[in-house]
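Visitor: Can you walk me through this one? I'd like to begin with a single helix and then zoom out.

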Amino acid sequence: MNFLLLEPSEVACAGDCAIRGRRVEHMRTVLQAEVGTRLRVGVINGRLGSATVTSLAVDTATLSIELHEQPAPVRDTLLLAVPRPKVLMRMLSHAAALGFARIVLFRSWRVDKTWMQSRAFDPDVQREQLVLGLEQAGRTQLPEVLRFDLFKPMVEDELPRLELPQPRFVAHPYAATPTHQLGALGHAASPNRPAFTLAIGPDGGFLPYEVDKLIEAGFHAISCGAHPLRTETALAALWGQLDLLRYRR
């Protein structure tokens, strides 16, 4: 946790806030906070700012907050073939930290059907992981999470309705185009730099049929090197490379 993330319901009109539990323990044991300490804070789906600790007990704390900074907008979309449940929970946290505004979870051929009924699909469990990612990265925008259990109807019927950002990329270990051969995605850094959509398959990649269907939907097949990567590694590597291209002239 690199900053305190507050629920909108916790913030009073006067700018006071009371928190309990995990965040208080983190303040006391990790941040070594005491009365008068100033901390970096943000409100879920809201502004960033700072807070002064006005009282601190074992499991409760009160803060006086000032929210003065509008966070940079996030618009990228992640299409993720559902990995093993424990991996999915970590990847939700990673995706929130990287700044994806929307996460589309779906079942492809190599996804075990039982994974779609796992605890990782409990909305409360997903939200907890997303919040952990936001706290780590100092972000506030909570990603929207969508779910589709059938691949073909998702690509043919649902994706056109989602108005996915352009450009769109599908990661495939054996794609002919590595990321370093891509042109720039936009101009130099600006608040309105272009968003992109990234589709990542399960370990082992998509089937050729699945890649072809995504290409028909406007995706470009790309790879991030000569050697296949696990989905967690691929997410970080590909997002970093595509984000860098947004800044290239």
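Guide: Keep in mind that this is a predicted model. In α3, the buried residues are Val125, Gln126, Gln129, Leu130, Val131, Gly133, Leu134 and Glu135.

Visitor: What covers the buried residues of α3?

Guide: The cover includes two helices, α1 (22-29) and α2 (85-98). It also includes the strands β1 (4-6), β7 (100-106) and β8 (144-148).

Visitor: Why do buried positions in a helix recur at such spacings?

Guide: An α-helix has 3.6 residues a turn, so residues three or four places apart point the same way.

Visitor: What should helix α3 span, end to end?

Guide: α3 runs over residues 123-137, which is 15 residues. At 1.5 Å a residue the expected span is 21 Å, and the end C-alpha atoms are 21 Å apart, so the two agree.

Visitor: And which residue caps the N-terminal end?

Guide: Asp122 does: one of its side-chain oxygens lies 2.8 Å from the backbone nitrogen of Asp124. After α3 comes Gly138, with a positive phi near 75°.

Visitor: Switching to the chain. How many helices and strands?

Guide: Six helices and 11 strands. Of the 249 residues, 47% are buried.

Visitor: What radius of gyration does the chain have?

Guide: The value is 20 Å; a compact globule of 249 residues would be near 18 Å, so the chain agrees with that. Along the principal axes, the C-alpha atoms fill a box of roughly 60 × 45 × 35 Å.

Visitor: What about contacts and surface?

Guide: Among contacts between residues at least 6 apart in sequence, 73% join residues at least 24 apart. The accessible surface is about 12500 Å², with 52% belonging to carbon and sulfur atoms.

Methods. Residues are numbered from 1 along each chain as its sequence is written. This is a predicted model: local features need pLDDT of at least 70, side-chain atom pairs count only at pLDDT 80 or more; totals for chains, interfaces and linings use all residues. Side-chain values use heavy atoms; hydrogens and water are left out. Helices (H or I, at least four residues) and strands (E, at least two) are DSSP runs, numbered from the N terminus. The expected span of a helix is 1.5 Å times one less than its number of residues. Buried means under 20% relative accessible area, exposed over 50%, partly exposed in between (1.4 Å probe, protein chains only). Contact means heavy atoms within 4.5 Å. A polar contact is a pair of N or O atoms within 3.5 Å; within protein, one must be able to donate a hydrogen and the other to accept it, and residues adjacent in sequence count only if both atoms are side-chain atoms. The radius of gyration is taken over C-alpha atoms; the globule rule is 2.2 Å times the number of residues to the power 0.38. Accessible areas come from the Shrake-Rupley method with a 1.4 Å probe; for residues, only the protein chains shown count as cover.
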